[in-house]
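Subject: Structure handover

Hello,

Here is the structure I promised to pass on. Please open it first, then read my notes below.

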Amino acid sequence: MKMQTGSPLSSAPCYLSDNNPEIIKRQAAGAQQALVNSLSRIFGIHLSNDPTTPEHLFLNDLSHLFHQHRVDTEHSLERHDAPWEHVYLIQYGILRLFREAPSGKTAVHQFFTEGDMVWPVFGRSRTARNTLCLTSVTPATLWVADFTAFRSTLQKQGEGVWNGFALALTEELAELTSMREFRKQTMSARERYLLLLEEYPELVKRVPDNQLASWLGVVPATFSRIKSAFKPEQK
């Protein structure tokens with residue numbers, strides 16, 4: 001897809017209180033336009049002001065597949081033993097991807113936050129053999145689309161469009177998972193906790209400790225002990 005240039009500029013927010021007549025003021029984007037803007041970022045498309053460009057028409061068509069959906073904390077979005085059916089674009093909130101054993105024990109694989117798109121990356125996830133679950137960690141506002149329709153729309157854009165999109169996000173998820181497993185094998189729980197504070201400070205503030213512990217690969221008691229040990233230093 002060709003990159004477009006020429007997007008309008010607006011004044012810095014810190015000057016808005018001056019009421020200077022030269023300050024450019026723009027209305028906030030509506031929900032539909034905000035969705036299109038989010039999709040343009042995910043697909044790496046810089047939209048121009050011309051709504052008739054192929055890129056703009058593509059994103060506009062794609063946006064019509066999505067509907068807004070609000071959920072509370074711990075709302076189950078996708079379950080194991082059932083095909084994963086939807087694509088999720090997170091407007092607000094945090095989701096967690098995990099597997100759950102028959103005993104009820106869970107293993108958290110990834111957290112997703114504002115601006116992330118979540119979809120069934122692995123072929124097995126689209127069948128009844130799916131072992132992945134997706135649940136909201138916090139109250140969330142999501143844009144939701146049917147996965148089959150979403151993939152079909154991308155495939156109609158031409159050869160390689162779907163494959164390019166799928167490969168980029170699959171590689172990103174695989175890299176994050178691989179790095180986390182490497183750290184579990186080569187770093188202490190304390191070292192991994194310090195990296196968590198450094199790399200994901202927002203998750204530490206918004207995600208329950210027991211879920212962070214599962215993500216780090218430690219039992220909750222160990223996580224609590226490490227966290228308590230660093231409280232004096234943090235103060």
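Which residue in β5 is the bridge partner of F98? It is V108. Please keep in mind that this is a predicted model.

**The sheet**

F98 also has a bridge partner in β7, namely C133. F98 belongs to β4, which covers residues 95-100. That strand pairs on both sides, so let me take the two pairings in turn.

With β5, β4 runs antiparallel, and six bridges join the two. They form a hairpin. Five residues lie between the strands. In the turn, G104 has a positive phi of about 100 degrees.

With β7 (residues 133-136), β4 pairs over four bridges, again in the antiparallel sense. One of the residue pairs here is L95 with S136 in β7.

Now put the strands together. The sheet is open and has four strands, in the order β2-β7-β4-β5. The pairing is antiparallel. At the edges stand β2 (76-78) and β5. Each has a single partner strand, so one side of each is left without a neighbour in the sheet. From one strand to the next, the twist averages 30 degrees.

As background, strands of a sheet pair through backbone hydrogen bonds. Side chains in a regular strand alternate between the two faces of the sheet.

A helix belongs in this picture too. Helix α7 (residues 209-216) lies across β4 and β5. Its direction is at about 100 degrees to β5.

**The largest pocket**

How much space lies in the largest pocket? The value is about 550 Å³. Its lining has 28 residues. Nearest the centre lie F111, F112, D116, M117 and E172.

Several elements supply at least two lining residues each. On the helix side of the list are α1 (31-43), α4 (161-186) and α6 (201-206). The strands are β5 (106-112) and β6 (117-118). Which element gives the most? That is α4, with four residues.

By class, the lining has 18 nonpolar residues, four polar ones and six charged ones.

**Where to look**

Start with β5. This strand stands at an edge of the sheet, and β5 also supplies at least two residues of the pocket lining. Then follow F98 to its partners, V108 in β5 and C133 in β7.

Best wishes

Note on methods
Residues are numbered from 1 along each chain as its sequence is written. This is a predicted model: local features need pLDDT of at least 70, side-chain atom pairs count only at pLDDT 80 or more; totals for chains, interfaces and linings use all residues. Side-chain values use heavy atoms; hydrogens and water are left out. On a 1 Å grid over the protein atoms alone, a cavity is a set of points where a 1.4 Å probe fits but cannot get out, and a pocket is an open set with protein on both sides within 12 Å along at least five of seven lines; lining residues have an atom within 4 Å of a point. Grid points are joined across faces, edges and corners, and a volume is the space filled by probe spheres set on the points. Ala, Val, Leu, Ile, Met, Phe, Trp, Tyr, Cys and Pro count as nonpolar, Asp, Glu, Lys and Arg as charged, and the others, Gly among them, as polar. Two strands pair if DSSP finds at least two bridges between them. Axes are lines fitted to C-alpha atoms, for helices over the stretch in contact, and angles run from 0 to 180 degrees between N-to-C directions. Contact means heavy atoms within 4.5 Å.
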